[in-house]
Amino acid sequence: MPDFTKLKLPFWMDKGELAKLLSGCKKFWQWLYDWLLWPSKQFDPLTCPEAILNLLAWERDITRFSSEPLDLFRKRVAYAWINARDAGSVEGFIEIFHRLGIGYVELQERQQGKDWDVITIRVSDGQIAANGALLREIIRQYGRTCRRYEYEVITINELDVRAGWFTGDYVVYTASK
């Protein structure tokens, strides 16, 4: 972006009417530059008006679920193409969760003792509570066809263990009569 504020007149012209003319020119060119960039700013899902955001969401096949915050909806629309591309692999599916702010996620496929079509999503209970509708929407939108998904809750517990040893003898004395 051109910086119109750096325009300066020589010191002998920087007074009176010429200074006012320069100030007016700076404002005019900044206004014209902003006016020319306005159409391109309308197609940025993170900053566009909500009416245009809804059109972009329709174009990218994103539906807003009930009680979804506007900033999360903007992220989902902005990353729709990238998420659709990444949906086919385990690493890509994990990246979808990271992009949308869910946090740490593990995916396990084809596990021993379970049907081949079951994919286990390991998340913490706080993630399920805070993002339940979003998790369902991600699986609906980007989940693999003919697969079943199940959640497995992982919990982090801190455990303090102290190690030590005891040096002593174990002696048995027998008494006889």
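**Notes on the salt bridges, sheet and core**

1. Let's start with Glu150, which counts as partly exposed because its relative accessibility is 30%. Keep in mind as you look around that this is a predicted model. The partner of Glu150 is Lys114, and the two make a salt bridge with their closest N and O atoms 2.4 Å apart. Glu150 sits in strand E3 and Lys114 in the loop between E1 and E2, so this pair ties together parts that are 36 residues apart in sequence. Lys114 also counts as partly exposed, at 32% relative accessibility.

2. A second pair links that loop and that strand. Arg148 and Asp117 meet through their side chains in a salt bridge, 3.0 Å from N to O. Here Arg148 belongs to strand E3 and Asp117 to the loop between E1 and E2, with 31 residues separating these distant parts of the chain. The two ends have their own exposure classes: Arg148 is partly exposed, with a relative accessible area of 41%, whereas Asp117 counts as buried at 14%.

3. Now for the sheet around E2. Which strands does E2 pair with, and in what sense? With strand E1 (residues 106–109) the pairing is antiparallel, over four bridges. With strand E3 (residues 148–153) E2 runs parallel, and six bridges join the two. Ile121 is a handy residue to click on: in E2 it stands opposite Leu107, and its bridge partner in E3 is Tyr151.

4. Why call E2 largely enclosed by the rest of the structure? Because five of the six residues in this strand (residues 118–123) are buried. E2 is also one of the elements that give two or more residues to the largest nonpolar core, which I'll take next.

5. That core has 27 residues, and the members touching the most others are Ile138 and Tyr142. The elements that contribute two or more residues are helix H2 (50–59), helix H3 (70–78), helix H5 (90–99), E2 and helix H7 (132–142). H7 gives the largest share, five residues. As general background, nonpolar side chains tend to be buried together in soluble globular proteins.

6. Back to charges. Glu68 and Arg76 form a salt bridge, with 2.8 Å between the closest N and O atoms. Both Glu68 and Arg76 are buried. The pair is part of something wider, since Glu68, Arg76, Glu137 and Arg140 are linked in a network of salt bridges. For the full tally, a search of the whole structure finds 13 salt bridges. The general idea is familiar: side chains of opposite charge can pair when their charged atoms come close.

7. Next, have a look at helix H1 (residues 17–41), which is where Trp35 is placed. Is Trp35 buried or exposed? Trp35 is exposed, because its relative accessible area is 53% and the cut-off for that class is over 50%. Trp35 has nonpolar company on the surface: together with Phe28, Trp29, Trp31 and Leu36, Trp35 forms a patch with about 620 Å² of accessible area.

8. Last, the domain layout. The assignment for the chain gives domain 1 (14–42) and domain 2 (50–154). How many Å separate their centres? Taken over C-alpha atoms, the centres of domain 1 and domain 2 are 45 Å apart.

Key
Residues are numbered from 1 along each chain as its sequence is written. This is a predicted model: local features need pLDDT of at least 70, side-chain atom pairs count only at pLDDT 80 or more; totals for chains, interfaces and linings use all residues. Side-chain values use heavy atoms; hydrogens and water are left out. Patches are made of residues with over 30% relative accessible area and no salt bridge: like charges are joined within 9 Å, nonpolar side chains (Val, Leu, Ile, Met, Phe, Trp, Tyr) within 5 Å. Accessible areas come from the Shrake-Rupley method with a 1.4 Å probe; for residues, only the protein chains shown count as cover. A salt bridge is a side-chain nitrogen of Lys or Arg within 4 Å of a carboxyl oxygen of Asp or Glu. Buried means under 20% relative accessible area, exposed over 50%, partly exposed in between (1.4 Å probe, protein chains only). Two strands pair if DSSP finds at least two bridges between them. Domain bounds come from an automatic or database domain assignment. A nonpolar core is a set of buried Ala, Val, Leu, Ile, Met, Phe, Trp, Tyr and Cys residues joined through side-chain atoms within 4.5 Å.
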